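Trainee: I have just opened this one and would like to go through it with you, a piece at a time. Where would you begin?

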Amino acid sequence: MSHQNPLGTSVPHTSCLDLWREKNDQLVRQAKVAQDSGLSLRRQQLAQDSLEGFRGLLHSLRGLPAAVPVLPLELTVTCNFITLRASLAQGFTEDQAQDIQQGLERVLETQKKLGPRLECGLRGLWDSVLHYSTLLLEVLPALHHLAGLQAAVWLSTDCLGDLTFLLQTLNGNQSEASENLLLLLKTWSPPAEESDAPLTLQDARGLRDILLTASAYRQGLQELITGSLPRALSSLQEAASGLCSRPVLVQVYTALGTCLRKMGNPQRALLYLAAALKGGSTCGPPLLEASRLYRQLGNTAAELESLELLVEALNVTHSFEAPQLLIEVELLLPRPHPASPLHCGTPSQAKYLLASRCLQVGRAEDAAEHYLDLLALVLDGSESKFFPPPSPPGPCMPEVFLEAAAALIQAGRAQDALTVCEELLSRTSSLLPKMPQLREDARKGTKESPHCPSWVSATYLLQGQAWVQLGAPKEAISEFSRCLELLFRTTPKDEEQGPASNREKGCISDVVLQQLRAAALISRGLQWVAVDQDTKALQDFLLSVQMCPGNQDASFHLLQTLRRMDRRHEATALWWRLKAQTELPQENAAWSLPLYLETYLDWIHSPDREALLEEFQTSLPEPHEL
Amino acid sequence: MAGLEPRVEYLESFRCPLGGLAAGRPRVLCPGPAVFVSAGSERVSVYAQGGRLLAAVYCFPAPVWQLELSAVPGLLYVLCARRGIYCLSPDPESRSMNQDDGSDQDSEDGEPPCAVISVDPDACLLPDAALCTFTVVADKLVTLAQGPAHWKVQLFECPRPGEDARLRGQVGEVELSISSPLTGPLGEPTAPRFLPVLCCVSPAGPTALHSRAQGSGGFWLERALFGLLFGVDASLLESPVILCGLPDGQLCCVVLKTLVTSKLSPGNPKALVKILHHLEEPVVFIGAVKTESLAQDVEDTHPDCLVALGHDGQVLTIKAGWDGAGTLVPELREYRLPGPVLCAACGGGGRVYHSTTSELCVVDLAQEGVPSGDLGDPPSLLCPAGLGVCSVVTLSVLSEVPEGDVRLLALSTRGRLMTCRLQLSSEVPGPTRAAAASTGQKIKDLLSGIGTVSERLSSLRKAVDQRNKALTCLNEAMNVSCILLSGREGPRPISCTLTTAWSRPQLQDVLTATCQLENSSGLRLDRGWALCVRVLTSASASDADVASAATTYTIPVDRLGPGDRREVTLPLGPGEDGVLHLPLTVSCALHYSLREVVGGARAPSESSTDSLDEFRPDILPEQDGICLPLCEHTVDVLWCLRFPGLAPAHTQAPGLLGPLCDPVDTFLGSLLGPRSEPTGPASLRAKFLPPSVATIKVSAELLRAALGDRHSAGTPLDCATLQWLLAENAALDVVRARQLSSVQGVAPDGADVHLTVREVAMTDLGAAGPLQTVEIQVESSSPASLCSAHHAVIGRLQRMVVEQAARIPGPPDLRVQCLQQTHSSHETLLREVQTLRDRLCTEDEASLHATAQRLLQVHRQLRSPSLLLV
């Protein structure tokens with residue numbers, strides 16, 4: 001190299017500036033080599049080395065007083081350093097803001113204007129720097145590049161006010177009236193870099209395009225969540241037309257699908273979802289969105305099919321793609337939130353969704369299989385792959401067990417249901433209150449009762465039902481009795497403490513407790529009926545009507561029993577009450593019951609209510625005869 | 001605690017940094033016959049217990065922070081500081097690392113008996129500079145990385161055996177928030193002082209699960225406690241749970257199976273992370289012990305108590321309990337151990353071994369004696385039993401038999417690997433009930449012992465202070481002695497000047513001397529210094545039997561700083577006989593008393609018989625001080641002459657006043673009126689006795705040279721001479737101001753003395769013309785006064801001549817014949833004096849008067865011609 005040549009008068013003199021420039025270009029080339037390198041480790045090492053190189057170079061440059069001829073190079077090196085650092089860290093931090101601030105201070109240093117501006121923060125710095133930059137034309141391209149990075153930092157940290165201000169200043173305040181970020185970004189045209197400028201990892205125009213896409217997408221997503229759908233649609237379409245990578249495009253299309261679905265355009269939504277599915281490897285969100293769409297359309301088969309596909313898709317481990325060593329749209333997007341429409345969860349969460357949908361729509365066999373698969377996935381410890389439980393936001397694990405048992409009973413696999421229930425009880429036995437003590441307390445009549453999770457009584461309930469199905473009323477009655485024993489000790493708990501912690505501890509709302517008690521009483525009553533113990537059955541049905549006056553099933557069962565026992569007066573009185581109730585408009589249940597309980601309540605639904613009422617009416621004497 | 005006496009066996013020494021190993025980073029792992037040791041450096045050593053030798057040494061590119069072994073594929077995972085995690089198979093055959101001969105880099109280490117295998121820096125399994133710790137759970141790798149404002153837990157899948165050593169991708173991630181930011185706003189994150197602690201907890205389940213090997217950092221927990229702590233879901237799923245103890249004191253957990261998240265949805269910390277407790281000091285250890293042994297349930301040997309240790313000694317235990325209604329409730333308890341806790345390990349039966357900076361200790365949490373440290377109360381102090389092994393920085397329990405030996409593997413600060421074998425008999429650990437009774441007494445004894453020691457300490461400290469002070473004083477005394485004894489020319493830095501004055505404190509006039517001690521040196525005369533003034537009365541010829549009496553005054557010099565002066569006034573006479581015996585010799589000296597300075601420092605040693613004391617009584621010299629002479633003055637009659645005639649009427653300056661007259665004389669005198677003659681012996685003598693006269697002639701040249709600058713100031717030589725003679729007299733100022741050449745003064749005994757100085761030219765003596773001389777004439781009516789004044793003048797001239805002898809080139813030319821004549825006549829006169837004196841002794845009363853008259857006459861003749869000094 002020339003600088004090693006002592007007194008090389010024949011060699012053209014190379015200045016320090018040229019050396020530094022050469023170093024910058026070499027580091028940029030090295031980073032690009034790293035980018036293209038396939039081996040992740042080698043890539044990481046090379047990129048890290050480049051980063052250190054840039055850091056050292058920046059250190060050398062800042063060792064000298066700031067001077068206008070050196071500024072373009074210094075700012076370019078700063079930009080490269082920030083770009084590489086942010087892309088290696090996969091995000092922007094406070095460090096980048098500080099790097100930018102130092103760069104700006106160096107610019108002001110050349111103008112001897114440093115000092116009072118410092119307290120204005122980055123915004124004030126930019127204001128003054130851009131004010132002087134009209135005097136420093138040669139610095140302008142690099143400054144615009146740095147401004148692009150600043151915009152990226154502010155976009156990723158949601159400082160939209162600062163960002164708007166910066167863009168307005170960059171655009172020379174021509175469109176001062178405009179607050180529209182997208183418009184501002186579009187009007188911003190960074191000056192073209194000269195051909196002999198030092199190399200950059202990413203030029204300002206490329207950065208501008210990335211910023212445009214990212215802000216359009218962010219804006220669209222935000223509008224989608226807040227519900228301003230037409231604006232969301234236009235923002236998202238803007239993002240889709242912009243420059244972005246395939247995974248981002250899939251997200252944008254999915255968001256467009258969601259938006260159109262909510263706007264009542266299912267066909268257009270489907271088109272976008274199909275486009276998204278063609279787009280790339282990450283097809284979870286579009287599949288989930290498709291299932292929602294089909295559910296809205298009432299196409300259960302298609303809905304379940306998309307859910308099955310979703311489960312499969314999520315099970316495929318997509319290869320880990322190394323991110324580009326550039327500022328990309330992904331870096332500027334908000335972190336996915338579970339509440340976001342694009343959140344598709346984990347395979348087990350998808351599996352749970354599929355299973356519960358099957359149970360809800362009445363595909364009991366499928367539901368049972370899916371539940372068993374899910375339990376196997378989640379519980380199998382020896383499997384090297386972990387599948388997290390669906391919770392949260394789904395139900396807690398005991399409820400998944402209960403739903404599985406319900407599905408199995410529904411599918412006619414009572415023995416399997418018993419196994420599932422036993423597994424649940426055995427796995428949680430250590431957490432349950434000590435049963436001997438419980439009995440003791442009951443005998444003593446101790447007021448304070450131990451807290452027993454609601455799912456324990458629900459398990460006994462389901463076990464009883466399984467025995468019913470197996471034709472063993474004795475066992476069934478004993479299970480129902482255990483269930484009732486627990487249920488009558490349980491006091492409903494406030495849900496104010498937070499639903500998550502309550503669910504975790506098996507706390508139970510008033511409504512659910514009532515329904516559970518009614519269900520258990522009706523089930524036991526039915527079993528008494530089955531073993532011809534009408535008196536006991538009558539007791540249980542009466543009690544259940546008292547417990548839960550709104551539950552018409554209890555009343556119907558009571559009516560039937562009364563009729564069978566030939567207690568006409570009581571039956572008639574009950575019939576009048578029922579008739580009045582059924583004539584009233586059925587109020588929609590504002591509360592939601594756990595899926596297993598809903599399923600259960602279907603089982604004890606008296607099948608032929610209308611017929612019973614009609615039949616009773618004919619046999620009924622006229623009211624005036626009473 | 002005799003049963004806890006450990007038997008320590010040193011296995012191997014490892015290189016360690018100069019200050020010793022710091023806790024936190026070194027690790028020992030002993031999964032089987034081989035022991036893996038990392039002593040905080042870049043090396044991981046494999047020590048074969050069987051062969052008792054180093055089997056292999058792996059050299060990593062950065063200091064090793066953490067070691068873990070995964071049992072199933074048998075891989076060693078190593079976290080290197082600021083690099084990432086390396087993974088290698090510790091089996092030397094299947095290793096694909098390049099092998100050095102190890103000769104170049106190990107010269108300082110001596111010859112390692114085994115090969116040093118350096119690990120390729122590029123062979124990193126998980127490069128991440130922010131990683132702080134990790135653990136291996138089955139085939140999952142859980143890492144904890146430090147971010148700018150949070151800790152990040154990440155879950156990776158480990159490579160399967162046979163696959164390329166590369167991670168198969170991240171499975172899940174969640175962030176742990178912290179209260180304070182981990183790094184400053186600028187710069188790279190610094191190495192944390194405390195590393196976080198990560199461990200994996202699994203529920204104790206069916207035996208099938210037991211065989212499933214965990215990483216080396218995991219343990220099982222009894223199911224009730226597990227479900228209680230981590231929830232029913234974790235319990236149902238039988239999911240391992242990752243416990244994180246963070247340096248800010250948080251103890252939080254993440255259910256591992258819930259951590260699996262897709263790439264698009266990182267974990268929601270609120271749903272995934274549960275904070276169990278906050279220790280409020282860095283968590284250094286998380287473990288579990290079994291505290292309750294149920295006789296009927298011997299099968300269940302799983303720990304039922306989670307233990308977390310903070311660096312400063314905070315202990316948190318969590319157990320599952322049943323409340324009054326039979327519901328499971330967590331029992332959190334806090335204790336305190338004497339900290340700081342460097343490392344710890346859990347043993348069987350509730351034993352927690354931990355090492356503080358001073359000792360390896362064991363505390364048994366299963367003991368009855370453990371106080372109930374319920375939350376809300378201040379944490380109660382646990383009393384660990386010391387094991388007598390010090391400075392252990394990392395610890396591992398090798399083997400433990402319920403009723404037998406315990407073997408601990410430990411690495412000391414000095415880098416020594418050792419095994420400690422403890423004999424644990426059942427009743428030994430913890431204070432027993434009988435011992436508890438005596439504990440009170442023991443504590444009392446200990447407290448009184450502490451009291452004694454602290455008393456002794458304070459007295460020793462005082463002694464040291466005193467000695468230091470004494471040494472400082474001695475040093476100053478040395479310096480003072482040096483400058484006073486150096487005998488340099490010029491004025492001494494510490495000087496003493498003497499002036500005399502007459503004062504009349506009572507009816508009698510008293511001659512007082514004022515010594516002024518001036519410290520113009522930079523030193524300080526402190527305690528121990530005293531000014532000694534010695535007044536020596538010359539034995540007068542009249543009472544030869546009275547020995548010359550010396551009086552010494554000692555005045556302590558209390559803190560005479562640089563530039564300070566101190567004045568001391570002493571009476572010189574007249575003594576009890578009413579006679580002032582002149583001349584007096586006054587000598588001043590500084591005395592430094594060693595006894596006063598050093599004696600104080602010796603005091604405490606006399607009360608104790610400490611061998612530390614090096615002061616012995618015989619060290620002090622007999623002469624207990626240093627004496628530094630400052631000055632010596634002879635106070636003669638010229639000092640004490642008073643000149644009433646010179647005093648202005650209105651001044652009462654005592655130096656100029658006449659001597660005090662007898663009040664009766666004054667009274668009578670005033671009665672007789674102005675016409676009467678003055679009475680009193682002096683005036684009578686003056687009236688009836690002709691005044692005696694003595695003259696001394698001094699060569700003017702000699703005087704001029706001696707008086708020097710005093711003469712050159714325009715003063716006539718006679719005046720200057722008189723001023724010189726009266727230099728010490730209080731009347732000097734008046735004499736100088738009036739340019740007197742003759743004064744009439746009063747001697748101390750009341751006789752008047754007339755001093756006259758005039759310049760005369762001697763024509764007969766000079767060989768080359770008349771000789772310029774100064775004639776000093778002393779005239780007094782009292783022969784005694786005359787004699788003493790004459791003597792004083794001659795004494796001064798003598799001293800002057802001695803001083804000037806060297807400087808004057810030589811005597812002027814004299815007529816020797818004339819001198820010889822004078823000399824011979826003086827000799828005859830002296831002979832006559834001798835004979836007259838002899839006659840005085842033998843003659844009777846009648847002829848005595850005549851002889852005396854004659855003697856006086858001869859003396860007068862002797863004085864004339866007067867003494868001539870040239």
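Mentor: Let us begin with a pair of strands in chain B, where β15 (residues 197-203) and β16 run parallel and are joined by four bridges. Please keep in mind throughout that this is a predicted model.

Trainee: Okay, so which residue is the bridge partner of C200(B) in β16(B)?

Mentor: That partner is G218(B), which belongs to a strand, β16 of chain B, that covers residues 218-221.

Trainee: And which side chains of β16(B) are buried, and which are not?

Mentor: They alternate along the strand, with F219(B) and L221(B) pointing to one face, where they are buried, while G218(B) and W220(B) point to the other face and are not buried.

Trainee: Let's stay with strands for a bit. How many of the eight residues of β13 in chain B are buried?

Mentor: Seven of the eight residues in β13(B), which spans residues 150-157, are buried, so the strand is largely enclosed by the rest of the structure.

Trainee: What does it pair with?

Mentor: One partner is β12(B), residues 140-146, which pairs with β13(B) in the antiparallel sense over seven bridges. Another is β14(B), residues 170-177, which also runs antiparallel to β13(B) and is joined to it by seven bridges.

Trainee: Which residues does K152(B) stand opposite, then?

Mentor: In β13(B), K152(B) is the bridge partner of A145(B), and K152(B) also stands opposite E175(B) in β14(B).

Trainee: Changing topic: how does α19 of chain A pack with α2 of chain B?

Mentor: Helix α19(A), residues 414-428, and helix α2(B), residues 223-237, pack at an angle of about 150 degrees, and their axes are 10 Å apart. Because angles over 145 degrees count as roughly antiparallel, that angle makes α19(A) roughly antiparallel to α2(B).

Trainee: Which residues make the contact?

Mentor: On the α19(A) side they are L424(A), R427(A) and T428(A), and on the α2(B) side they are R223(B), V232(B), S235(B), L236(B) and L237(B). By type, the residues of this contact divide into four nonpolar, two polar and two charged.

Trainee: What about E238(B), where is that found?

Mentor: E238(B) is found in the loop between α2 and β17 (241-245) of chain B. Its phi is positive, about 50 degrees, although E238(B) is not a glycine.

Trainee: Is E238(B) buried or exposed?

Mentor: E238(B) has a relative accessible area of 13%, and because buried means under 20%, E238(B) counts as buried.

Trainee: Which residue of chain A has a positive phi without being a glycine?

Mentor: One of them is D158(A), whose phi is near 65 degrees, and which lies in the loop between α6 (140-156) and α7 (160-170) of chain A.

Trainee: While we're on chain A, how many helices and strands are there?

Mentor: Chain A has 29 helices and zero strands. Of its 626 residues, 52% count as buried, and its accessible surface comes to about 29,000 Å², with 53% of that belonging to carbon and sulfur atoms.

Trainee: One last spot, H790(B). What does it touch?

Mentor: Leaving aside residues up to four places away in sequence, H790(B) touches A694(B), I696(B) and R863(B). H790(B) is found in helix α13 of chain B, residues 783-805, and at 17% relative accessibility H790(B) counts as buried.

Methods: Residues are numbered from 1 along each chain as its sequence is written. Chains are lettered from A and ligands numbered from 1 in the order in which they are written. This is a predicted model: local features need pLDDT of at least 70, side-chain atom pairs count only at pLDDT 80 or more; totals for chains, interfaces and linings use all residues. Side-chain values use heavy atoms; hydrogens and water are left out. Axes are lines fitted to C-alpha atoms, for helices over the stretch in contact, and angles run from 0 to 180 degrees between N-to-C directions. Helices (H or I, at least four residues) and strands (E, at least two) are DSSP runs, numbered from the N terminus. Angles under 35 degrees count as roughly parallel, over 145 as roughly antiparallel, 65 to 115 as roughly perpendicular and the rest as oblique. Contact means heavy atoms within 4.5 Å. Ala, Val, Leu, Ile, Met, Phe, Trp, Tyr, Cys and Pro count as nonpolar, Asp, Glu, Lys and Arg as charged, and the others, Gly among them, as polar. Buried means under 20% relative accessible area, exposed over 50%, partly exposed in between (1.4 Å probe, protein chains only). Accessible areas come from the Shrake-Rupley method with a 1.4 Å probe; for residues, only the protein chains shown count as cover. Two strands pair if DSSP finds at least two bridges between them.
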